[in-house]
Amino acid sequence: MKKFIVAFLVALLPIGALAAGGAKLPLQHIETDYTNQASLQRGMQTFVNRCMGCHSAEFQRFERAAQDLGMPNNLVEEYLIFDSEKKIGEQMTIAMAKEDSQVWFGNPPPDLTLETRLRGADWVYTYLLGFYEDPSRPWGVNNAVYKDVGMPNVLEDLQGIQKLACTEEVLMRYGIEGDIDPLTGARVGGCLSHDASTGELTAQEFDKVIYDLVNFMAYMAEPSKQDAHRIGTYVLVFLFFFFFLAYALKREFWRDIH
Ligand code: HEC
């Protein structure tokens, strides 16, 4: 038994090591909600319009998204599929060749179907809110969580220009939103100053666009989550009733022996 416990503890060790290694920058939290179909629909619209120029989502089919998000197929075909050759049953692939985009951006834009599983929804959310002006970079922008990123700030027309208002050290310590100083109660950090007059949306409206977008990306990474929750409830209800049945059966079997 002792050996077993030691082996068990040793097996747990790498988990601790992994947990210790996370990102340095505090991330903004997003509470994704796969039951909010309106949000998912808006997110898909943004994704198709603003991201699929460069990023594919090749493990997702338009038809499945239409079904899960409660959209009629003909509307999806009309408004969300821009390639006239493409059918609703096909995957969300793009025409840009990886060899070309490698040359244009330094790194090819990766497929985003499973991105929130890879990085976590919080990371993707913070990333999309975290572009700031940096004239030393080829596209004139850098990113708070992805230093020297090869992606331009494709939503700058909506968001407006953000500037880094503090040193990178403070950014790393307090994150892009800043933190509350426990002594004075004042907000410190607050690293990205945002000039609302340069964008079409207010900061809150833009946050909402990104919320919907990341919500959709989280759905895409785990499209069966809704089914899993529903079936899981049935299983638990079944197990609850089965317990009484099994107990009655056990009593029946043991009655003659006692
Ligand atoms: C003009 C092309 C272009 C568009 C449009 C674009 N991206 Fe990107 N994106 C890139 C490139 C290039 C990279 C790779 C950057 C790198 O590795 O340095 C990237 C990287 C990313 C990453 C990080 C991937 C990783 O884990 O390394 C995410 C997340 C992302 N993009 C999301 C989006 C979203 C969401 C949209 C739509 C709002 C979008 N992108 C639109 C070019 C683009």
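The ligand sits in the largest pocket of this predicted model. The shell around the ligand draws two or more residues from each of α2, α6 (115–119), α7 (121–129) and α10 (203–221). The ligand carries an iron atom, which H55 and M151 coordinate. The points below cover the iron site, the other ligand contacts, and then single residues in helices, strands and loops.

**Iron site**
- H55 coordinates the iron atom of the ligand through NE2, and M151 does so through SD, at 1.9 to 2.1 Å.
- The iron atom has 6 donor atoms around it, and the angles they subtend run from 88 to 177 degrees, which makes the arrangement octahedral.
- For six octahedral donors, the ideal angles at a metal are 90 or 180 degrees.
- H55 belongs to the loop between α2 (37–51) and β1 (57–61), while M151 belongs to the loop between β4 (141–143) and α8 (156–159), so the pair ties together parts that are 96 residues apart in sequence.
- Both H55 and M151 are buried.

**Other contacts of the ligand**
- There are 22 residues around the ligand, and those that come nearest are C51, C54, H55, E115 and M151.
- E115 has a side-chain N or O atom 2.6 Å from an oxygen atom of the ligand.
- R119 also offers a side-chain N or O atom, 2.7 Å from an oxygen atom of the ligand.
- At G150 the contact comes from the backbone, where an N or O atom lies 2.7 Å from an oxygen atom of the ligand.

**Helix α10: N215**
- N215 is located in helix α10, one of the elements that give two or more residues to the shell around the ligand.
- N215 counts as buried because its relative accessibility is 1%, where the limit for buried is under 20%.
- A polar atom of the N215 side chain lies 2.9 Å from the backbone nitrogen of D33.

**Helix α7: L128**
- L128 is located in helix α7, which likewise gives two or more residues to the ligand shell.
- With a relative accessibility of 11%, L128 counts as buried.
- L128 and A144 are 16 residues apart along the chain, and their C-alpha atoms are separated by 9.4 Å.

**Loop between β4 and α8: D148**
- D148 is located in the loop between β4 and α8, the loop that also holds M151.
- The phi angle of D148 is positive, at about 55 degrees, although D148 is not a glycine.
- D148 has a relative accessible area of 37% and is therefore partly exposed.

**Strand β3: Y132**
- Y132 is located in strand β3, which covers residues 131–133.
- Y132 has a relative accessible area of 5%, so it is buried.
- From Y132 to S101 the C-alpha to C-alpha separation is 22 Å, and the two are 31 residues apart in sequence.

**Helix α11: E252**
- E252 is located in helix α11, which covers residues 225–254.
- A relative accessible area of 40% makes E252 partly exposed.
- E252 and E133 are 75 Å apart in space, C-alpha to C-alpha, and 119 residues apart in sequence.

How values were computed. Residues numbered from 1 in each chain as written. Predicted model: local features only at pLDDT ≥ 70, side-chain atom pairs only at ≥ 80, totals over all residues. Heavy atoms only, no water. Donors = N, O, S within 2.8 Å, 3.2 Å for Na, K, Ca; no water. Tetrahedral: all angles 85-135°; square planar, octahedral: opposite > 155°, others 65-115°. Helix = DSSP H or I, 4+ residues; strand = E, 2+ residues; numbered from the N terminus. Buried < 20%, exposed > 50% of the residue type's maximum accessible area, 1.4 Å probe, protein only. Near = heavy atom within 4 Å. Polar contact = N/O pair within 3.5 Å; in protein donor to acceptor, adjacent residues only side chain to side chain. 1 Å grid on protein atoms, 1.4 Å probe; cavity = no way out; pocket = protein on both sides within 12 Å on 5 of 7 lines; lining within 4 Å. Sits in = over half its atoms within 2 Å of the grid points.
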